[in-house]
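Colleague: I should like to understand how the descriptive terms for this structure are justified. Please set each one against its definition.

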Amino acid sequence: TLVPSGFLSSLFSLLSAVRRPWNPVEEKEAPTNYQAKKDKREMRRLAHSNRYKKLAFLSSSSSSSSSSASTVAFSAISRMGSKFSPKPATASVPLFQPLPSPFSSSTNLCRAGKRLLPVLCSKPTSRNNSRSLYTNGHATLPIPKPVSADLAVGGGWKSDALRHQLAECGIEVDDLSPGQHSGLLCPKCQGGDSGEKSFSILINAEGARASWICHRAKCGWTGGTKHATSSTSRNPVQQGTRKKQTREITEESLQLEPLCSELVGYFKERDISRETLVRNRVMQKAYGNQIVIAFTYRRNGRLVSCKYRDIHKKFWQEKDTEKIFYGLDDIKGADDIIIVEGEMDKLAMEEAGFRNCVSVPDGAPPLVSSKDLPPESQDTKYQYLWNCKDYLKQASRIILATDGDPPGQALAEELARRLGRERCWRVKWPRKNEDSYCKDANEVLMYLGPQAVKDAIDDAELYPIKGLFLFRDFFDEIDSYYHQTQGYHFGVSTGWRSLDGLYSVLPGELTIVSGVPNSGKSEWIDALLCNLNKSADWKFALCSMENKVRDHARKLMEKYVRKPFFDAP
């Protein structure tokens, strides 16, 4: 059956009229303008033709309202609609009035007197709760945060200021857009020998501040910049590395003098010659009412710091000077480096023929730290290592010739942790006499001579690495194992000769006895325990789930004395 083309539209108009009660005011004031009807049809066509756009509904009241309300409401629809939506026609009759949210529980969409008008949204609607998208019947959109003009044009003076601050720290980054930038080469450690790219830098959302970190374990450099401002204050602030201003010093400013004959004689008593003192620029200084020894710390021949020692073996250093090794210039380009604990040991090494030797400036710690290694910027106790890392990274073997006492061994461990155990060697000082060992290189030189110092360095051993052993360290244990003079290397007899060829009891081994029920497993184990107690005096702890304590004690005593507990009938 064919349906006339106008039949459906007529039926739809009839049903709408039946559903909505008649309103005489609306009947009189209904818009008759042809252009307005055309505009409404165009909007309805656009709303249903685009399947990617969602529909929002605004309810309208059938009661009359002012023409201004109609104009405002229709303008809102036009702003929210497609760019092809026609401009509203001016009408003196209200099309609809805005009401509270149509999704409110107090509002029924099918109530009489309410008209639903589709509105075409310019963007897909959000998945958020529809209540938050409407205010007094009108859809609202979040207002975007204003964008700084500096960021809009690529950073402006903030980008330049930040780039300037990073350049002062040696950091050059092409992209200064906000966010985290990883996989960069650390300007501090250069990625080590492998060139590892473990440096990350974070630019804040405003593009005015940066913070960075090197994830390489041996580096760990961290820092940050101040907030970039238009003022001239652009100095970087690094976390934990706010370096003090090191002062320039000279021999004249410190009033240093050549050694007097008395101090030269003091060194001679310790087997250190005048030639060695002159080459190492050992000097003296008047301090109060005494003359003290001055050990000059130099880099490329220039005086960097100075350490003093009085006759009471009290040490102090110049303030606000850079921490470096004593004798640093002697290890420049060396493959083998010797590190000792004091300046006197450095001079003693030179008397034995070793000039490739340096001394730490701050002595030894009392104990090895139980904490993880701090990053370079916070490793203040051993800052001299990082200040001299360019001299150390070229060395293939580093001999740790620290003192033989516990603090000296703790210093060796702390140095090995930072330098890498795989390239460190350890020195064991020889015996001074039958009762004691020499403490350091200068003591070996004084008591045993320069050849003994040379032999100790030549006999240096690889620094202990976990899981790596030398057979000579186990000689005593191997010897006792061969002669069977210690321990039970082959086990203990069970007490039954016929069984000893098949089984013996060895400490540390687990023995499981199995068998069918009621075959005498527990009785045999009790007998074995009694035999082991008699032959080897072993003690045992028992856990028996099937015997009472008194009954188990009776059985053990019977087996031990080989007599019944009660008199036989």
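Modeller: The following exchange takes up the overall make-up, a helix pair, two sheets and a pair of hairpins.

Modeller: This is a predicted model, in which local features need pLDDT of at least 70 and side-chain atom pairs count only at pLDDT 80 or more, while totals for chains, interfaces and linings use all residues. Residues are numbered from 1 along each chain as its sequence is written, and side-chain values use heavy atoms, with hydrogens and water left out.

Colleague: How many helices and strands are there in the protein?

Modeller: The protein has 19 helices and 18 strands. Both are DSSP runs numbered from the N terminus, helices being H or I of at least four residues and strands E of at least two.

Colleague: What share of the residues is buried?

Modeller: Of the 569 residues, 35% are buried, a term that means under 20% relative accessible area with a 1.4 Å probe and protein chains only. Strand E12 (residues 302-309) has 7 of its 8 residues buried, and is thus mostly covered.

Colleague: Why is H14 called oblique to H15?

Modeller: The axes of helix H14 (residues 441-448) and helix H15 (residues 450-458) cross at roughly 135° and come within 7 Å. Axes are lines fitted to C-alpha atoms, for helices over the stretch in contact, and angles run from 0 to 180 degrees between N-to-C directions. Angles under 35 degrees count as roughly parallel, over 145 as roughly antiparallel, 65 to 115 as roughly perpendicular and the rest as oblique. The crossing angle therefore makes H14 oblique to H15.

Colleague: Which residues of H14 and H15 meet?

Modeller: Ala 441, Val 444, Leu 445 and Leu 448 of H14 meet Pro 450, Ala 452 and Val 453 of H15, where contact means heavy atoms within 4.5 Å. These residues divide into 7 nonpolar, no polar and no charged; Ala, Val, Leu, Ile, Met, Phe, Trp, Tyr, Cys and Pro count as nonpolar.

Colleague: What makes E5 and E8 edge strands?

Modeller: Their open sheet has 4 strands in the order E5-E6-E7-E8, with antiparallel pairing. Strand E5 (179-184) and strand E8 (222-224) each have a single partner strand, so one side of each is left without a neighbour in the sheet. The twist averages 15° from one strand to the next.

Colleague: How do you know that E6 and E7 pair?

Modeller: Two strands pair if DSSP finds at least two bridges between them. Strand E6 (residues 199-203) and strand E7 (residues 210-214) run antiparallel and are joined by 5 bridges, so the criterion is met. Ile 203 has Ala 210 in E7 as its bridge partner.

Colleague: How do you know that E17 and E18 pair?

Modeller: Strand E17 (residues 424-426) and E18 pair in the antiparallel sense over 2 bridges, and at least two are required. The bridge partner of Arg 426 in E18 is Glu 461. The open sheet here has 5 strands in the order E15-E14-E16-E17-E18, with mixed pairing.

Colleague: Which residues take a positive phi in the hairpins of E12?

Modeller: Asn 300 has a positive phi near 55° in the hairpin of E11 and E12, where 2 residues lie between the strands. Lys 313 has a positive phi of about 60° in the turn of the hairpin of E12 and E13, where 5 residues lie between them. Strand E11 (residues 290-299) is joined to E12 by 7 bridges, and E12 to strand E13 (residues 315-317) by 3 bridges.

Technical notes. Buried means under 20% relative accessible area, exposed over 50%, partly exposed in between (1.4 Å probe, protein chains only).
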